[in-house]
Each structure stands twice: as C-alpha cells, then as structure tokens.
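Visitor: I would like a close look at a single part of this model. Please take one helix and walk me through its surroundings.

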Amino acid sequence: MIVQRVVLNSRPGKNGNPVADNFRIEEINLPDNINEGQVQVRTLYLSVDPYMRCKMNEDTGTDYIAPWQLSQVADGGGIGVIEESKHAHLTKGDFVTSFYWPWQTRAILDGNNLEKVDPKLVDGHLSYFLGAIGMPGLTSLIGIQEKGHIIAGSNQTMVVSGAAGACGSLAGQIGHLLGCSRVVGICGTHEKCLFLTSELGFDGAINYKKGNVAEQLQESCPAGVDVYFDNVGGDISDTVISQMNQNSHIILCGQISQYNKDVPYPPPLLPTVEAIQKERNITRERFLVLNYKDKFEPGILQLSQWFKEGKLKVKETVTNGLENMGAAFQSMMTGGNIGKQIVRISEISL
C-alpha cells in the first residue's frame, strides 16, 4: 500500500526560524502484512506544538525529547483508528493515541505503545485528545495544581502569557475553576484579546504589541500578580515578574520566545529580574508534566467533566491535509493559531 509521510528536509539552525520548507512530503510503501503485537492505523489528526522546535535541532538540549533525523519521518501527538490488529487488547475500529505518532497517512505501529481512548470523554471530538482532553490540558491542570498554589477564596490574581494558545487558553479557565478571583491574559492580537474576554471568561486581556505592557498590566492587576502561567519567557515575562507579589508563584510551562535561540532551558533571567525574584521569594521551578504520570488519569476525567459541563471551552485552529504539516507548524510558531493547532489527516464519522 502506498502511503504519504512527512520527513525533516532541513534544520533551521539553532538560532533560525522554522519554515514550511524544513519539511517535505514523500510516498513510501507500507508492508501488506503486520506482525504479532502490531496494528495498522489510519491517521485522523496530528498535533503541532512549540516543543517540536527543539526536535528540529541536532541536539534538543533535553534528555526526554529525541531530535528528528534528516530524511526520516517526523512524529508527535496523534490520534487514529485501527484498521487491522494482531494485538491482544486492540481491535479493528478502536481509536488510539500516542505521543510519538508518525506523520503518515497510515502506519504500522507496536500496539503496546498506543493508548486506547473513549470518544465519549470528548463527545466525539476526537482531536480534543490532542488538546484540552490531552497533553496540553494535563500540562495546564497539573502545572497549576502542583506549582500554582491557588487557595480558593483568597483573592488571587493569575496572569497567563501566550494566553490564546493551546495551554494558555485552558490555563486561564482552569485558574478560575480552581479558585483565582481574577485572570488576565497576554496575547498578540486584538482578535485574541476579544476571544479571551468574551468567550473564555478572562477578566482582562493585554495585547503586547500595542501600548505599554507594564502600564496595562498595572491597570489590569491593581493588587499585583500572585500566579503567573508562563508560556513565552523573554521581555513579557520580565515585565510580569516585576509586578509579582511577595511569595508568589511562576508556572514554567514554556518559553516560546526563546525557542529559536541557542539558550539553555529554562532560560536564565536578567540579573535585575532575578534580584526581584529572590527578594520577593517568587518560586520559578522547571515543570515537566511527564513527571506526573500518576495524575494523568484523574486529570483527563476532570478535564472531560468540565468540558461536558460547559465550564471548559475548547478552541481549535484546524488545518487540512498531511501536505500542510510544515505550514501549520510555521504558523503556530508565529502565533497564527487561536487555541490548539491541529492538522486533520482524514475524516471519520462517529
């Protein structure tokens, strides 16, 4: 069987901006037979995420993310349907997901590396397993639970940077659900600001490309900032940290403003900002959701419940076609998405 796949065509360089041409699409032959323990899957949806920028380098800078190899198939979060199975616990028609799904229209995979998912948890919106009811949702929920130190009823103010992205759009809502009295988002367009306040229930939104961010932050957070969900790093984070309260907390989710630069993760703070952090006893610890696997199952059930109750609104930007993986990745890295960036590879009717 002839299938299409996307491979890494070139590396952007540690300090370069990724472009669609860093990827190329090609055709390969899929074997007709599968071995014991394997399944053949048809890919339904693939995810593109900021962490993948690290996979484009020869050295990812971390021990838990492996680099993509030139002319080899790229991979990431994916969901699909089983078309043929020789695995004891998986049958034809099952929906499965993996964090290491190859960017292919169809694939033969080891069934032990797949997780079966229940469409009822997402009311049939299977792509949500790559977003709100998947890794971004868990990252937001567990990050806030473990590092946010939110105490309901204590009038805490939370600020979220990259607030209209996959994690940010969920984090602000979860902050409210867990007891923050005020949630303010920072993003890059007027449209995104409107989306945060009118659709997701944020109390305020700041467009960092317009006006003075420090002044707008002071107006939006008159009592200072108690919890900061940081998706971006860089200048925006320096501004937020300078307005954080004594004994406040930073949830280090990501540092997208720094991913095209050859700097360590998490990037060091400027000396002046670090002095504020120490003086005010602001916690800023690296957070890695993969260290909390015991919390995944209850986390998914909680996220699903909030979604079904209408308390957690889910937004996606969907691109169609495997041939557009590179373009979708480039767009996501430059803020072209609202909510989770997803690529639809094939259709399924539930």
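Guide: What follows is a tour of one helix, its partners and the sheet beside it.

This is a predicted model. The part to look at is helix H2, residues 135-147. Begin with its partner helix H3, which spans residues 166-177. Two packed helices are described by the angle between their axes and the distance between the axes. For H2 and H3 the angle is about 40°, and the axes lie 9 Å apart. The two helices are therefore oblique to each other. Their crossing is right-handed. On the H2 side, the contact is made by Pro136, Gly137, Thr139, Ser140, Leu141 and Ile144. H3 answers with Ala166, Cys167, Leu170, Ala171, Ile174 and Gly175. By type, the residues of this contact split into 8 nonpolar and 4 polar, with no charged residue.

Now turn to helix H8, residues 296-308. H2 packs against H8 at an angle of about 100°, with 10 Å between the axes. That angle makes H2 roughly perpendicular to H8. H2 contributes Met135, Gly137, Leu138, Leu141 and Ile142. From H8 come Phe296, Gly299, Ile300, Gln302, Leu303 and Trp306. Here the count is 8 nonpolar and 3 polar, again with no charged residue. Gly137 of H2 takes part in the contact with H3 and in the contact with H8. Leu141 also appears in the H3 contact and in the H8 contact.

Next comes the sheet. Strands of a sheet pair through backbone hydrogen bonds, either parallel or antiparallel. In this open sheet, 6 strands pair in parallel, in the order S10-S9-S8-S11-S12-S13. At the edges are strand S10 (204-207) and strand S13 (283-286), each paired on one side only. From one strand to the next, the twist averages 20°. H2 packs on this sheet and touches strand S8 (157-161), strand S11 (225-230), strand S12 (244-252) and S13. The direction of H2 makes about 145° with that of S12.

Another helix packs on the sheet too. Helix H5, residues 213-220, touches S8, S9 and S10. Its direction makes about 175° with that of S10. S8 is thus touched by H2 and by H5. At the S10 edge, 4 bridges join S10 to strand S9 (residues 182-187), and the two run parallel. Gly185 stands opposite Ala205 in S10.

One last stop lies beside H5. Thr239 sits in helix H6, residues 234-241. Setting aside residues up to four places away in sequence, Thr239 touches Val213, Ala214 and Leu217. The C-alpha atoms of Thr239 and Val273 are 8.7 Å apart, although 34 residues separate the two along the chain.

For context, consider the chain ahead of H2. UniProt, in an unreviewed entry, places the domain "Oxidoreductase N-terminal" at residues 5-117. That span is 4% helix and 42% strand. Its end C-alpha atoms lie 24 Å apart.

Terms used
Residues numbered from 1 in each chain as written. Predicted model: local features only at pLDDT ≥ 70, side-chain atom pairs only at ≥ 80, totals over all residues. Heavy atoms only, no water. UniProt positions renumbered as here; feature names shortened; annotations may be inferred. Axes fitted to C-alpha atoms, helices over the stretch in contact; angles between N-to-C directions. Parallel < 35°, antiparallel > 145°, perpendicular 65-115°, else oblique. Left-handed = near helix turned anticlockwise from the far one by under 90°. Contact = heavy atoms within 4.5 Å. Nonpolar A, V, L, I, M, F, W, Y, C, P; charged D, E, K, R; others polar. Pairing = 2+ DSSP bridges.
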